[in-house]
Structures are given as C-alpha cells and as structure tokens.
Amino acid sequence: MIRIEKVQGKSELKNFINFPSTLYPDDPNWIEPLYLEREEHLSKKNPGTEHIEWQAWVAKKGDEVVGRITAQIDSLHRDLYGNDTGHFGMIDAIDDPEVFSALFAAAEDWLKSKGASKITGPFSLNINQESGLLIDGFDTPPSALMTHGKPYYAANVENQGYEKGIDLIAYWMKRTDLNFSRSLTKLMGQVREKVTIRCIDRKKFGEEMQVLREIFNSGWQNNWGFVPFTEHEFATMGDQLKFLVPDDMIYIAEVDSVPCAFIVGLPNINEAIEGLNGRLLPFGWAKLLWRLKVSGVRTARVPLMGVRQEYQFSRMGPIIALLLIEALRDPFAKRNIDALEMSWILETNTGMRTILEKIGAAPYKTYRLYEKAL
C-alpha cells in the first residue's frame with residue numbers, strides 16, 4: 001500500500017532531498033547534488049520563495065521512501081497568466097504506476113485547493129530554476145543546474161493525463177568545433193564596428209547584475225511560460241556568480257554605450273562536485289575549491305543569455321549573440337575548458353537554434369515541460 005506524507009519538518013525534508021540518490025546507484029551519469037545547496041534551495045534563503053508557495057510530499061511503502069513531488073503556486077506567474085495556474089516539480093519515483101498516481105493526486109489536490117485549474121511542470125521551483133523532465137540524453141551527466149532522470153519517468157507522467165507543453169533543448173559544442181563561416185564572419189565584422197563587448201565590472205558587480213536582469217526580462221518576456229526575475233533573485237545569483245565565475249566569462253554587449261545583450265559562461269559545477277556524494281564535510285569543501293580554482297574543470301555551461309527585445313528581430317540581434325559566444329572562446333582556452341553546453345533553448349526558438357547549429361553546436365539532451373487541465 002502506498003502512503004503519502006507531507007514534508008513538514010527537518011527529518012522529512014532530509015528524506016525528500018536524499019531520496020533520488022537511492023534510485024541511481026548503478027547510473028554512471030548520476031551526480032548527487034550538494035545537500036546543503038538543496039536544503040537552501042528549499043528554504044527561505046531562496047529568494048524565489050518570496051513569490052512562490054510550495055508543498056512537498058514523499059510516497060512510502062512501509063517505512064521506505066519510494067517517491068517524491070512538489071506542487072507550487074507562483075504569484076508572478078499568476079500575474080501574467082491568470083489566477084488559476086499551478087505547477088509541479090522535483091518528481092522522482094520508482095517505476096511503479098501506483099506511486100506516480102498517488103504523488104500526482106496529492107499535488108493536484110493541493111493545487112485545486114489553491115484555485116488552480118491547470119498545471120504545468122516540472123519546475124523546481126519555477127521556470128527560472130531547474131526546469132523540464134529529461135526525455136532524451138540519458139547517456140551523459142547533467143550539466144550544472146540541469147536535471148537528470150529515469151527513462152521511465154515520461155511514460156508514468158503521461159499516464160497521469162499530462163501532455164507535452166513544450167520541449168527545452170540543450171546543445172553541446174566542443175570549443176575546437178566552434179566555426180564561423182565566411183559569410184557569418186563578414187557579418188560579425190560589420191556589426192562589431194557598432195557594438196562594444198566588455199567584461200562585467202567587478203567593482204560594480206551588484207549594479208551590473210541588475211543590468212543583466214533588465215536585459216533578460218526584456219529579451220525573454222514573450223517566451224513560453226516566462227516569469228520575470230526579481231531584483232532580489234538576481235542579486236542572490238550575483239553573489240553566487242561572483243564566487244564561481246571569473247570576470248572574463250561574463251560579457252555585456254553595448255550599442256552607443258547602452259547595454260543590449262549579455263552572456264554568462266559558468267564552469268560546470270557538476271564536474272567539480274562529482275564523487276562528493278552530496279557532502280562538503282569533512283573534506284568536500286577542499287576538494288570543491290581545488291577543482292574549481294586550481295585543477296580546473298573541462299566543461300562549462302551558458303545558463304544565462306539575453307538580447308533586448310528591440311534587437312531580437314533586427315539584423316543585429318543574432319550577430320550580437322554570436323559576438324558574445326565568440327568572446328568566451330579565449331577565456332575557455334586559457335582555462336582548458338574543452339566543451340560547452342548551451343541550455344536551455346526553447347524548441348520553438350528556431351533563430352537561436354539555427355545559429356548554434358551553424359557554428360558547430362549539436363542538440364544532445366531534450367527536457368519536456370508538461371501541462372494538464374485539472
């Protein structure tokens with residue numbers, strides 16, 4: 001018999017966070033998240049909780065945890081899409097239809113009690129954090145801040161009446177494969193005369209992060225499921241990036257001294273935490289710092305990129321994006337970063353997808369967002 005329990009205290013939260021590690025002992029591509037990071041993500045230290053109300057559950061067979069799920073209401077999402085929206089996330093479970101059914105029933109009942117009549121997900125906890133259910137690309141580890149999963153998840157979710165909303169695509173590119181055709185090089189040269197590409201100014205890091213936030217919210221506002229970043233969210237992100245990302249891996253593009261686009265290259269933290277089993281004590285901190293600051297990592301991810309709305313449908317917009325990608329090449333080479341994940345890209349963003357494929361990137365993972373009427 002399946003029993004569903006609300007996550008209400010520290011011990012229940014610990015079981016919730018630790019459960020996925022029990023599903024992947026034989027999966028060489030599983031990388032266990034840092035427990036401390038997951039605990040903070042699911043606490044008031046996460047600035048997203050200022051506009052997100054959430055509840056988590058675990059499923060049990062006897063005393064054994066066999067599944068987990070969250071449900072959440074995002075007030076910023078409701079401001080844009082209506083007061084009847086809700087979301088689910090962080091779904092993990094054994095391959096048992098009864099477990100999936102019980103978990104989704106708990107999440108859906110909670111959402112209906114909050115006035116929701118439609119549900120999308122998975123998000124943990126919203127679209128600006130980890131998003132999507134992995135449906136293709138199980139044969140490689142997830143990059144930083146991306147999810148992993150089991151191949152049987154999709155069928156079990158769909159059996160609960162969920163249908164595809166949209167797919168998110170992750171692209172992989174080796175640094176040595178980055179190639180600009182003669183025609184692209186010519187266009188880039190023409191636009192380069194009008195655009196200034198500069199590193200972020202660490203002395204004004206907080207102010208610069210808010211500039212990035214304004215660009216992101218402008219550039220992404222018409223995308224599927226968009227929810228704006230708040231000032232607090234981007235400030236907190238800035239505190240993290242300041243520690244993790246060198247100055248010459250965050251670039252801002254300016255036209256007439258006005259910022260119009262940006263890119264962030266993030267060293268692949270998952271590569272650095274592999275083998276720590278989610279623990280920073282007693283020696284995890286030392287290993288993490290050594291791998292990030294001394295021995296280095298060999299892969300990176302672009303988790304944030306944006307071009308202001310007014311440039312997106314101009315001739316300059318796509319070329320500015322290329323100039324920003326090009327700017328990362330030398331810093332990556334200096335640090336022996338061999339490959340890069342560009343993620344995620346909406347499947348409908350044919351402009352960006354075409355650009356990436358023309359310069360040597362290839363899609364290698366697909367994450368699906370589902371939706372359902374309640």
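A cavity, as I use the word here, is a set of grid points where a 1.4 Å probe fits but cannot get out.

**Entry 1, cavities.** I worked on a predicted model, and I looked first for enclosed space, of which I count two cavities of 30 Å³ or more. The largest cavity has a volume of about 80 Å³, and β9 (163-174), α13 (329-334) and β14 (339-346) are the elements that give two or more residues to its lining. Among the lining residues I note Met173, Lys174, Arg175, Leu178, Phe332 and Asp338; by class the lining has eight nonpolar, no polar and four charged residues.

**Entry 2, the second cavity.** For the second largest cavity I find a volume of about 30 Å³, with a lining made of Asp74, His77, His87, Phe123, Asn126, Ile127, Gly225 and Val227. Sorted by class, that lining has three nonpolar, four polar and one charged residues.

**Entry 3, aromatic rings.** I then searched the whole structure for aromatic pairs and found twelve. The rings of Phe216 and Trp220 have centres 4.9 Å apart and planes at 15°, so I enter this pair as stacked. Both residues belong to helix α7 (residues 205-220), where they stand four residues apart and are thus separated by about one helical turn; Phe216 and Trp220 are each buried. Trp220 also pairs with Trp344, with ring centres 5.4 Å apart and planes at 85°, so that pair is edge-to-face. It links helix α7 to strand β14 across 124 residues of chain. Trp344 has 11% relative accessibility and therefore counts as buried. I record one aromatic cluster formed by Phe216, Trp220, Phe229, Phe234 and Trp344.

**Entry 4, a charge over a ring.** Lastly I noted that Arg68 lies over the face of Phe16, at 4.7 Å from the ring centre.

Note on methods: Residues numbered from 1 in each chain as written. Predicted model: local features only at pLDDT ≥ 70, side-chain atom pairs only at ≥ 80, totals over all residues. Heavy atoms only, no water. 1 Å grid on protein atoms, 1.4 Å probe; cavity = no way out; pocket = protein on both sides within 12 Å on 5 of 7 lines; lining within 4 Å. Points joined across faces, edges and corners; volume = space filled by probe spheres on them. Nonpolar A, V, L, I, M, F, W, Y, C, P; charged D, E, K, R; others polar. Phe/Tyr/Trp six-rings, centres within 6.5 Å; stacked < 30°, edge-to-face > 60°. Buried < 20%, exposed > 50% of the residue type's maximum accessible area, 1.4 Å probe, protein only. Lys NZ or Arg CZ within 6 Å of the ring centre and 35° of its normal.
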